[in-house]
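The following exercises are to be worked with the sequence and the coordinates side by side. Each task is followed by a solution that proceeds step by step.

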Amino acid sequence: MEWNKETSALIIVDLQNDFVPGGALEVTQGDQLIPVINDLQKKFKHVIATQDFHPADHGSFAANHPGKNPGDLIQLAGLTQYLWPVHCVQGSRGAEFHPDLDKVCWSAVFQKGKNPEVDSYSGFFDNARKGNTGLGDYLKTKGIEHVFVCGLALDYCVKYTALDAKSLGFETVLLVDATRAVNVNPQDGELALEEMKQAGIRLKTSQDL
């Protein structure tokens with residue numbers, strides 16, 4: 001696969017303690033991505049990370065809705081919201097990046113999910129598309145044309161980050177060996193891959209670079 005290092009960026013989505021085994025919202029084998037992503041970073045000039053960074057009173061947490069449990073659905077910001085366990089709370093160890101993740105060459109970190117009234121899966125916008133993290137403008141000021149997405153989790157934050165990158169006009173590639181799905185439902189990961197493919201996102205592996 002041909003690509004230009006100067007105009008390409010790697011986006012590492014939410015590789016945080018709460019999303020790996022042992023975390024509050026663990027993704028099976030999520031920690032196995034770390035050596036793959038550490039190797040990937042060496043191939044890029046521009047490496048950006050996103051960080052789920054919730055206040056403790058976030059509306060997506062089941063614990064903040066009396067009588068509700070993780071997996072229940074409510075209305076939040078006018079959208080149907082799946083309720084999650086408390087995770088990635090600002091200032092907590094769970095919100096920190098995994099300690100084995102190499103952060104030396106990162107250009108920037110974009111935090112998301114800070115507004116308690118709306119959830120934010122994408123690294124670009126909140127789920128209501130009213131809040132903007134500034135990631136899109138940042139990439140454009142750096143002359144980025146191609147975006148390569150990896151991290152956690154495939155069927156939520158990775159998928160929505162990739163879809164938003166594509167919608168903003170970036171040529172978007174999902175690195176399928178550098179992501180894992182939550183799979184609330186067993187087929188969610190496969191469905192996410194198909195949705196991204198239908199949207200014109202290219203599915204590649206780290207070995208293709």
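**Exercise 1.** How many of the 6 residues of β1 are buried, and why can the strand be called largely enclosed or not?

*Solution.* The model is a predicted one, and the criterion needed here is that a residue counts as buried under 20% relative accessible area. Applying that cut-off, 6 of the 6 residues of β1 turn out to be buried, so the strand is largely enclosed by the rest of the structure. The next step is to separate the two faces, for which a general rule is useful: in a regular strand the side chains alternate between the two faces of the sheet. On one side of β1 lie Ser 8, Leu 10 and Ile 12, on the other Ala 9, Ile 11 and Val 13, and with these residues all buried, both faces are covered.

**Exercise 2.** Determine which strands pair with β1, and place the strand in its sheet.

*Solution.* Begin with strand β6 (residues 146–152), which runs parallel to β1 (residues 8–13) and is joined to it by 6 bridges. Within this pairing, Leu 10 stands opposite Phe 148, and Ile 12 stands opposite Cys 150. Then turn to strand β2 (residues 46–52), which is also parallel to β1 and is connected to it through 5 bridges; here Val 13 stands opposite Thr 50. Extending the search to the whole sheet gives an open arrangement of 6 strands with parallel pairing, in the order β5-β2-β1-β6-β7-β8. Its edges are β5 (106–112) and β8 (202–204), each of which pairs on one side only, and from one strand to the next the twist averages 25 degrees.

**Exercise 3.** Examine the backbone just beyond β1 and β6, and in the loop that follows β7, for unusual geometry.

*Solution.* In the loop between β1 and α1 (33–41) one finds Asp 14, whose phi is near 50 degrees, a positive value in a residue other than glycine. Because its relative accessibility is 0%, Asp 14 counts as buried. Asn 183, in the loop between β7 (171–180) and α4 (188–198), likewise is not a glycine and has a positive phi of about 55 degrees, but Asn 183 is partly exposed, with a relative accessible area of 33%. The remaining feature concerns the peptide bond between Leu 152 and Ala 153, which is cis with omega about -10 degrees; Ala 153 belongs to the loop between β6 and α3.

**Exercise 4.** Is Lys 112 buried or exposed, and which backbone oxygen lies 3.2 Å from a polar atom of its side chain?

*Solution.* Lys 112 is located in strand β5. Its relative accessibility is 2%, so Lys 112 counts as buried. The oxygen in question is that of Ser 120, at 3.2 Å from a polar atom of the Lys 112 side chain.

**Exercise 5.** Characterise the largest pocket and the largest cavity by volume and lining.

*Solution.* Rolling a probe the size of a water molecule over the atoms shows where empty space is left. The largest pocket has a volume of about 280 Å³. Its lining comprises 17 residues, with Leu 79, Thr 80, Tyr 121, Asn 127 and Tyr 160 nearest the centre, and β4 supplies the largest share, 4 residues. By class, this lining divides into 9 nonpolar, 4 polar and 4 charged residues.

A search of the whole structure for cavities of 30 Å³ or more finds 1, and the largest cavity has a volume of about 130 Å³. It is lined by 17 residues, of which Phe 19, Leu 25, Trp 84, Tyr 156 and Cys 157 are the closest to its centre; the division by class is 10 nonpolar, 3 polar and 4 charged.

Terms used: Residues are numbered from 1 along each chain as its sequence is written. This is a predicted model: local features need pLDDT of at least 70, side-chain atom pairs count only at pLDDT 80 or more; totals for chains, interfaces and linings use all residues. Side-chain values use heavy atoms; hydrogens and water are left out. Two strands pair if DSSP finds at least two bridges between them. Helices (H or I, at least four residues) and strands (E, at least two) are DSSP runs, numbered from the N terminus. Axes are lines fitted to C-alpha atoms, for helices over the stretch in contact, and angles run from 0 to 180 degrees between N-to-C directions. On a 1 Å grid over the protein atoms alone, a cavity is a set of points where a 1.4 Å probe fits but cannot get out, and a pocket is an open set with protein on both sides within 12 Å along at least five of seven lines; lining residues have an atom within 4 Å of a point. Grid points are joined across faces, edges and corners, and a volume is the space filled by probe spheres set on the points. Ala, Val, Leu, Ile, Met, Phe, Trp, Tyr, Cys and Pro count as nonpolar, Asp, Glu, Lys and Arg as charged, and the others, Gly among them, as polar. Buried means under 20% relative accessible area, exposed over 50%, partly exposed in between (1.4 Å probe, protein chains only). A polar contact is a pair of N or O atoms within 3.5 Å; within protein, one must be able to donate a hydrogen and the other to accept it, and residues adjacent in sequence count only if both atoms are side-chain atoms.
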